[in-house]
Amino acid sequence: MDYDNLPTFEVLPKHVGVIMDGNGRWAKKRGLPRYKGHVEGAKTFRKIGEFAADLGIKYITFYAFSTENWKRPKEEVSAIMDLFREYLKEALGRVEEDRKNGIRISFIGSREGIPADIRLLMKQVERIGRKEDRIMLNIAVNYGGRQEIAESVREIAEDVKKGRIKPSEIDMDMISSHLYTAGMPDPDLIIRPSGEQRLSNFLLWQSAYAEFWYSDVLWPDFTEEDFVEALRAYEHRSRRFGGV
């Protein structure tokens, strides 16, 4: 991709969701341990995140680790956590670069079960970039869409119990305001590489009217050109939001 001649778009999504899928299969095809696929996938994540910022996308959310991923082999989970830890340390070392690029990093999902040192690093990374506004780069870690909705409902139920609100006042905006993505626009486009065509519990509430784009490319092989192809497809979609 020629970064001196970036593509332009008539219509650009404000928020893109990316399901980073295919790391394990990428490694298996090459006779490598699964964690090697995650290492390569992390490189792709950095590349696409920075490219999205250069294109002018304001929000991008990467699905990194789901609540169901804890069921994977312990060695793989441990390798993913080590990789996440390494990324966070690198992010802390790139403070000035990220500030120059206007990148704000945020994490969505439950932090329960995540190692304490990683939780601390997550807080530090979020704090140092909290004033940046060129792009919000969300990383969904220990994230599950159903769990997110359940937590939102529980919080609202507590407010009802304490008399802060009436049941009749509960509406879609209120539920949205209690989600991890509160204050962000819903995703306009969901990208899933690797040949699978499902949401896998990702941004269930927020994706009600999202456009979907699928590719057979495994995530570690996903390029800027593939990202542009997804954006071109979105550019030509007719979004009616239930209307005519």
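**Exercise 1.** Find which residue of E4 is the bridge partner of Thr61, and state how many bridges join E2 to E4.

*Solution.* Begin with the residue itself: the partner of Thr61 in E4 is Asn138. Next, widen the view to the strands, which are DSSP runs of E with at least two residues, numbered from the N terminus: strand E2 (residues 59-66) runs parallel to E4, and seven bridges join them. Two strands are said to pair if DSSP finds at least two bridges between them. The model is predicted, with local features needing pLDDT of at least 70 and side-chain atom pairs counting only at pLDDT 80 or more, while totals for chains, interfaces and linings use all residues. Residues are numbered from 1 along each chain as its sequence is written, and side-chain values use heavy atoms, with hydrogens and water left out.

**Exercise 2.** Decide whether strand E4 is mostly covered or open, and describe how E3 pairs with E4.

*Solution.* Strand E4 (residues 135-143) is mostly covered, since nine of its nine residues are buried, that is, under 20% relative accessible area with a 1.4 Å probe and protein chains only. E3 pairs with E4 in the parallel sense over six bridges, and Ile108 stands opposite Ala140 in E4.

**Exercise 3.** Place the strands in the order of the sheet, and identify the edge strands.

*Solution.* The open sheet has six strands, ordered E3-E4-E2-E1-E5-E6, with parallel pairing. Its edge strands, each pairing on one side only, are E3 (103-108) and E6 (211-214). Within this order, strand E1 (residues 15-19) pairs with strand E5 (residues 189-192) over three bridges in the parallel sense, and Gly17 has Ile190 of E5 as its bridge partner.

Terms used:
Helices (H or I, at least four residues) and strands (E, at least two) are DSSP runs, numbered from the N terminus. Buried means under 20% relative accessible area, exposed over 50%, partly exposed in between (1.4 Å probe, protein chains only).
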